[in-house]
Amino acid sequence: IDDLASVVYRILDQKILGTFNVGTGHGYRMRTIAETIRSVCPRRVEIEVGSRVHMPSNTTVSNARLLKRLKGFTFTELRNSVAECCNALLPSQRDAA
């Protein structure tokens with residue numbers, strides 16, 4: 001979410017016009033995201049696997065035009081982004097004491 005807010009701010013600040021795909025350019029399987037959440041968050045996270053929906057597994061959207069216009073911008077790595085969310089959403093150990 002921070003990346004999205006930063007991209008929107010930069011587009012507005014630089015008065016960039018056009019239609020852009022706002023994404024990392026890298027697709028993740030839901031299982032990978034769930035396992036990342038489980039490994040990063042300090043609380044136990046249950047992963048419930050339902051029936052599979054048949055979708056192309058390697059579908060990503062190119063963000064090359066966006067990154068060309070926003071020189072120097074990089075997206076946060078999945079693991080770091082998940083860690084930031086967990087830290088923001090879960091009370092810290094110090095708050096629980």
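Here is a short conversation about the predicted model shown above.

Visitor: What pattern does the chain follow, read along the sequence?
Guide: Happy to start there! The chain has five helices and zero strands. Read from one end of the sequence to the other, that gives the pattern α-α-α-α-α.

Visitor: How much of the chain do buried residues make up?
Guide: A residue counts as buried when its relative accessible area is under 20%. The chain has 97 residues, and the buried share of them is 16%.

Visitor: Which cysteines form a disulfide?
Guide: A search of the whole structure finds one disulfide. To qualify, two cysteine sulfur atoms must lie within 2.5 Å. One pair has its sulfur atoms 1.6 Å apart, and that pair is Cys 41 and Cys 86.

Visitor: How many residues apart in sequence are the parts that this pair ties together?
Guide: Cys 41 lies in the loop between helix H2 (30-40) and helix H3 (64-69), while Cys 86 sits in helix H4 (residues 78-89). The pair therefore ties together parts whose separation in sequence is 45 residues.

Visitor: Is Cys 86 buried or exposed?
Guide: The cut-off for buried is under 20% relative accessible area. Its partner Cys 41 has 11% relative accessibility and counts as buried. Cys 86 has 8%, so Cys 86 is also buried.

Visitor: What is the nearest cysteine sulfur to Cys 85, and how far away is it?
Guide: Cys 85 is in no disulfide. With 41% relative accessibility, Cys 85 counts as partly exposed. Its nearest cysteine sulfur is that of Cys 86, at a distance of 7.1 Å.

Visitor: Which residues form a nonpolar patch on the surface?
Guide: Let's begin with one member, Leu 12, which is found in helix H1 (residues 2-13). Leu 12 has a relative accessible area of 62%, so it counts as exposed. Together the patch members have about 350 Å² of accessible area, and they are Leu 4, Val 8, Leu 12 and Val 22.

Visitor: Why does Arg 69 count as partly exposed?
Guide: Arg 69 has its place in helix H3. Partly exposed covers the range between buried, under 20%, and exposed, over 50%. Arg 69 falls in that range because its relative accessibility is 41%.

Visitor: And which residues gather in a patch of positive charge on the surface?
Guide: Arg 69 is one of them. Lys and Arg count as positive. The full patch is Arg 65, Lys 68, Arg 69 and Lys 71.

How values were computed: Residues are numbered from 1 along each chain as its sequence is written. This is a predicted model: local features need pLDDT of at least 70, side-chain atom pairs count only at pLDDT 80 or more; totals for chains, interfaces and linings use all residues. Side-chain values use heavy atoms; hydrogens and water are left out. Patches are made of residues with over 30% relative accessible area and no salt bridge: like charges are joined within 9 Å, nonpolar side chains (Val, Leu, Ile, Met, Phe, Trp, Tyr) within 5 Å. Accessible areas come from the Shrake-Rupley method with a 1.4 Å probe; for residues, only the protein chains shown count as cover. A salt bridge is a side-chain nitrogen of Lys or Arg within 4 Å of a carboxyl oxygen of Asp or Glu. Helices (H or I, at least four residues) and strands (E, at least two) are DSSP runs, numbered from the N terminus. Buried means under 20% relative accessible area, exposed over 50%, partly exposed in between (1.4 Å probe, protein chains only). The place of a charge is taken as NZ of Lys, CZ of Arg, CG of Asp or CD of Glu.
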